[in-house]
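User: I would like to learn how to read the features of a model such as this one. Please guide me through it.

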Amino acid sequence: MSEHYFDALEHKIDRLITRLEELEHENVRLKEQEVRLRDERNQLLTLNNQTQSKVEAMIARLKSLEQRS
């Protein structure tokens, strides 16, 4: 086979290796982002639950005040 064929093949392999490395880095970044988003979601759910409890407590107090009147 000709030298040109091997050079072209080597070039394609180098491009594939480069693309593989890019995808591996992107995968790591995406996994890190997923962890951050899961943490943020958990924080928001906790905040939502706390807010819901406070609102329910306020409603109960208002009903209690209303009944006293």
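Analyst: The following turns treat the helix, the salt bridges and the surface patches.

Analyst: This is a predicted model, in which local features need pLDDT of at least 70, side-chain atom pairs count only at pLDDT 80 or more, and totals for chains, interfaces and linings use all residues. Residues are numbered from 1 along each chain as its sequence is written, and side-chain values use heavy atoms, with hydrogens and water left out.

User: What are the helix and strand percentages over residues 6–68?

Analyst: Helices (H or I, at least four residues) and strands (E, at least two) are DSSP runs, numbered from the N terminus. Over residues 6–68 the chain is 100% helix and 0% strand, and the C-alpha atoms at the two ends lie 92 Å apart. Helix α1 covers residues 3–68. An unreviewed UniProt entry gives residues 6–68 as a "coiled-coil region"; UniProt positions follow the numbering used here, feature names are shortened, and annotations may be inferred rather than shown by experiment.

User: How many salt bridges are there?

Analyst: Side chains of opposite charge can pair when their charged atoms come close. A salt bridge is a side-chain nitrogen of Lys or Arg within 4 Å of a carboxyl oxygen of Asp or Glu. The count by this rule is two. One joins Arg-19 to Glu-22 at 3.2 Å, N to O; the other joins Glu-34 to Arg-38 at 3.0 Å, N to O.

User: Why are Glu-34 and Arg-38 separated by about one helical turn?

Analyst: Glu-34 and Arg-38 are separated by about one helical turn because they are four residues apart in helix α1.

User: Is Arg-38 buried or exposed?

Analyst: Buried means under 20% relative accessible area, exposed over 50%, and partly exposed in between (1.4 Å probe, protein chains only). Arg-38 has 53% relative accessibility, so Arg-38 counts as exposed. Its partner Glu-34, at 38%, is partly exposed.

User: Which residues make the nonpolar surface patch?

Analyst: Patches are made of residues with over 30% relative accessible area and no salt bridge; like charges are joined within 9 Å, and nonpolar side chains (Val, Leu, Ile, Met, Phe, Trp, Tyr) within 5 Å. Accessible areas come from the Shrake-Rupley method with a 1.4 Å probe, and for residues only the protein chains shown count as cover. Tyr-5, Phe-6, Leu-9, Ile-13 and Ile-17 make a nonpolar patch of about 450 Å². Ile-17, in helix α1, is partly exposed at 42%.
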